[in-house]
Structures are given as C-alpha cells and as structure tokens.
Amino acid sequence: MAALDLLNTHSIVQSSAEKAAPAPVQLRNVVRQFGQQRVIDGLDLDIAPGEFVALLGASGSGKTTLLRTLAGLDSIDSGELRVPVARAAVFQEPRLMPWKNAWKNVILGLHINDAKARAEAALTEVGLAHRVNAFPATLSGGEAQRVALARGLVREPKLLLLDEPFAALDALTRIRMHQLIIDLWRKHTPAVLLVTHDVDEAILLADRVIVLANGRIADEIRIELPRQRDSGQAGFQAVRSRLLGLLGVKAPEPAQAASQHETAQEKAAQDSTLSELRRVANARR
Amino acid sequence: MSETTLNPADSGFLVVSKPEKTQALHQARRWEVPGFVLRLLSPLALLLLWELASQTGLLPSRVIAAPSQIGGTLWSMIASGELARHLWVSLQRALLGLSIGVSIGVVAALVTGLSKRGEIALDSPMQMLRTIPSLALVPLFILWFGIGEFTKVALIVMGTTFPVYLNLFSGIRNIDPKLIEAANTLGLSRRELIWHVILPGSLPSFFVGLRYSLGISWLALVFVEQINTTAGIGYLASDARDFMRTDVIVICLLIYSVLGLVIDGIIRTLERYALAWRPTFVRN
C-alpha cells in the first residue's frame, strides 16, 4: 500500500494490474533529457518487493540519473514512474550533517517520540552502538557510511537506493560492508537498487544485474548463484566475463586478471592499515 | 660523539648509530633557563633603554613619555576610577552599535541568502552601501542627526552591518549542495532544512563576520568619540593630544590592544561551544 509519488503530472498510473504484490518500482517508457541529449531514453523497469537489483553501466549511461530520479532528486520529461514514498538513499559520500552527532543524523527529519531509542537501535544494527554520540568528523570512512546506512534504514524504506556506497572505502572495509548490507537487506527486506562500477560487487550482492547503455536497458542477468557468494565460487567467473562482455570490456586472461586484482587489493590493504594506524594515533592524542 | 659511521663494509647504506643518552646529559639540562624567560629578555632590555633615554633627556616627554611615567599615570587613572568610567562609556557605545549592526546584517543575509527574490531586491543596494567608507558619512550624519549620541551609534552600525552580512550571505550560499540533497531525500521541510542544515552550516562564516564587526566597532570609537564628547576612550586620546599628554595616549593605545586580545578570546570561546563539531575542535 505504498502511496504513489508522481513526479510527472501528465501520467497517473493506477496499480490495478498487480493487486496482490505491487512492484514497488515501475517505470514505463521513461525519458529524461538534458538539452538534446536523452540521458534516459524510453526505459522500462520493474523491481519486485524485496528484490536486490544492481545497475551496471559505463560512465554517462544514465545510471546516476536514474537513481536520482527514483530518489526524487530529479524529475522525468515523459513516461510513467511509480516509486514508494518510503524510500531512502545512501550515496558515495556519507552526506552526514557535520554539526550533528551520529544519532541526531540518523533521526534527522523524522517526527517520532522515541527518537533517540530508535536511532540507537539503528546504530546498534550497523555495529555502531559505541559511536552514538560521535560527531561525523571523528568517524572513519566506513563508520560514517554505516551511519548513513542506519539513517536510511531507520525510515523503514520499501526501496533502498545505493549510489556506489562502497566506492570510497578501502578493500577490507568494503568486504565487511558487503556482508552488512546483505544482513540488513535480509532482515528489513526492502527492494534495493545498487548503482555500482564494480562487476564483482554486483555479482556478489544482487539477485539481478541490469546493464544500462545509452539510457536504456542493454541486457540483464539473473544471478542464480547460492549465497554466501564469493568470487571463487563455481559459475562466478562465467557470469563475470559475460557481464564484462556486455560492458564492452574484453575479459583479460585469467592469470593476468588475478594478479591485477591482487595488487589493487594489496594497495588498498596497505592504505587501510595506514588509515587505521592514523586513527589509533589520533585517538591516543 | 659520532652519530654517523661509514665504513667500507657499509658502502651503499646510510648507517645511523647514536650512543644511549647518559645520566650526565639529563643533569646538564636541568640548569637551562626556560624559553619564555629568554624571550622576555629583549623586550625588557628595550624598555630599559627607553627609560634610560627618557631619564637622560634623549627622548623628551613631548615625543613620548617614559615607561615609569606611563605606569604611574595608568595607576592613578585606575585608582581614581577615571579609566573605568571612560571604558564603560565606550563599551556601551560599541556594544549598542554592534548589536544593532549585527542584527541588521543577519536579517538582511537571511533574506538574501534564503530567497532568490530577496537577493534580487536587497543584494545590490547592500553591495552599493558597503563600499561607502563610514568615515565619509560623518558630515552627512552630523547634518542629519546632529552631534549627539545617535550619530555615534549610527556610524558604528554602518561599520558593523556589512562584514556580518557579506560573510553570512556567502556562508548560506556555499553550503555543500550534497547536504541539501541529502536533506531533501530525508524529507525535511523547508523550515527544517533552514534550521537543521542551512543555519548550522553557515555558522562558521557568521563568526568570521562577527570577528570583523567587533574589531570595527572598536576602531570606529576612535573617530566617533572625537565628535562632541566628554567621555570615552576616543575622547581621552583626543583630549590628551590637546594637552600633549603622550603618557595618556600610550595608555589609550595599550587599552585598544588589550581589548583586541579580549575580544578575540571571547569569540574563540563562543566558537568552541557553537562549532564543537568542527574537526579542529573535536576531541576523540
């Protein structure tokens, strides 16, 4: 019974077709253009309740515009769009108000009585019970992103929009965040739309991966791999090279791919060790 | 004591080896003079030279009074309550002008910062007014408002409005649009957006403006109190000039510098409370 949110006044969609389990997200022939360029060009998309969808696409394929449209930050030029009012977005940067401590950030904009208790519960869920009163400036990148996640989930969204939320995190933190997001998704069962550049991340997390090109869906793959997934799993690499092919990237030789991956991870691990050390040093001071 | 040894076997390496610090070294350090005492030595020497020059007549008191004489005058002015009386009058003028000026600046900045229409209507007149030096307004203000208290306060208001206006306006406009976007996705109303996001976000800029305004309010006294006054620090200085009392002039200068320090301390304290979230103030 999610209320309708209509960004386009010309088209009012009645949810008569699917009374039983209305798809929280329904897009029909949606067009968004900036000047002459059609960033979204006649897009059709349905997301089922509780479905985890990952959106892949090269830069300029329209995925960020699509997410902003679904978040209510951008409107459409024509077509039909239906999204639940109860939705939340987490962006690449945590976007916390620096002048509010963690729990006040979490309940910002909520009009409820037991605000602090709710915020504490949400922060406990993301493993930050000990940082309830911390200012964003004292949080690490991963902690800040978890506060942003708690801020989204405390609103009990029917649709959770994630715009490359792990892109700015180091490799180790990213692995922990993947696990966390899956746990929270299972518990709260919102529909999730994850925009990402990372093919592996999409395969690890999503039920369905959509590849966007030139403002429309170029292809989509349902990921049937059993969860807990990992990149060593049978079938993972097959899905991976198929997706890379769709994205126009020639899949490199396996050995080369592995070594590149490793160096990137090593570097990220070094970075994270350094930042951890820096944090410890700051805490001591 | 060799700190770096290079022998043929180590060629291609930089080898650093230091002997362990011994007890003797620690004991030697205990007799060192603290740094701040050393730093005080040269000003004290200068003061001593100044006193000597005054005593020998090398520096006539017409040019500048001797430090001992300045000290004596300062003491008698404090003891008689004369200094406190002038200070109090000046402080009242400065605070009255400042509070009116800051209020006008804040209201104007909120109107122009928060609405496009407000900006169109109010920003250009404010930008025009701010370029007029308030000193240039003295003759006009005297013609309009006479030479009473009103003119003095009005001139301070003129000087203190614009720093607050300009800084707060730019603070409001320079808030990270990503935070505004986040607030919109969180469903904040316009009123909540202003209260929870825009105002706290522009507070650091407001303090920059306030700092300028405080300084200006105090500076404005110097010339404002030369217009038909019988009390105030500015009056004290101009009166001392007429009687060639260089000691009193130096005392007035001292008061200005001490007050500058006090004002800065007040603002710092305010910022520490109001901007506790900023990384520079945050303690883990």
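Start by selecting chain A: of its 285 residues, 38% count as buried. Keep in mind as you click around that this is a predicted model. Colour chain A by secondary structure and you'll find 8 helices and 10 strands. Now think about who touches whom in there. Take the contacts in chain A between residues at least 6 apart in sequence: 70% of them join residues at least 24 apart.

**Stop one: a histidine in a loop**

Stay in chain A and select A:His130. You'll land in the loop between α3 (115–125) and α4 (141–153) of chain A. Buried or exposed? A:His130 is exposed, because 9 other C-beta atoms lie within 10 Å, and a residue counts as exposed with 12 or fewer. While you're here, add A:Ala150 to the selection and draw a distance between the two C-alpha atoms. A:His130 and A:Ala150 come out 14 Å apart in space, with their positions 20 residues apart in sequence.

**Stop two: where the chains meet**

Next, show both chains and pick out the contact. Chain A puts in 16 residues and chain B puts in 18 residues. Colour the chain A side by class and you get 10 nonpolar, 4 polar and 2 charged residues.

**Stop three: α2 of chain B**

Hide chain A and select residues 35–55 of chain B, which is helix α2. How far apart should the ends of this helix be? With 21 residues at 1.5 Å a residue, α2(B) should span 30 Å, and its end C-alpha atoms are 31 Å apart, so the two agree. Look along the helix, though, and you'll spot a kink of about 25° at B:Leu41, shortly before the proline B:Pro43. Switch on the surroundings and there isn't much cover: of the 21 residues in α2(B), the count of buried ones is 1. Carry on past the helix to B:Gly57, which follows α2(B) and has a positive phi, near 85°.

**Last stop: two helices packed in chain B**

Select residues 82–114 and 233–242 of chain B, helices α4 and α10. Their axes are 7 Å apart and the helices pack at an angle of about 125°, so α4(B) and α10(B) are oblique to each other. Which residues do the touching? Show side chains for B:His86, B:Leu87 and B:Ser90 in α4(B), then for B:Ile233, B:Gly234, B:Tyr235 and B:Leu236 in α10(B), since these are the residues that meet. By class, the contact of α4(B) with α10(B) has 4 nonpolar and 3 polar residues, with no charged ones.

Key
Residues numbered from 1 in each chain as written. Chains lettered and ligands numbered in written order. Predicted model: local features only at pLDDT ≥ 70, side-chain atom pairs only at ≥ 80, totals over all residues. Helix = DSSP H or I, 4+ residues; strand = E, 2+ residues; numbered from the N terminus. Expected span 1.5 Å × (residues − 1). Bend = angle between axes of the 7 residues up to and from the residue. Buried ≥ 20, exposed ≤ 12 C-beta atoms within 10 Å, placed from the backbone. Contact = placed C-beta atoms within 7 Å. Nonpolar A, V, L, I, M, F, W, Y, C, P; charged D, E, K, R; others polar. Axes fitted to C-alpha atoms, helices over the stretch in contact; angles between N-to-C directions. Parallel < 35°, antiparallel > 145°, perpendicular 65-115°, else oblique.
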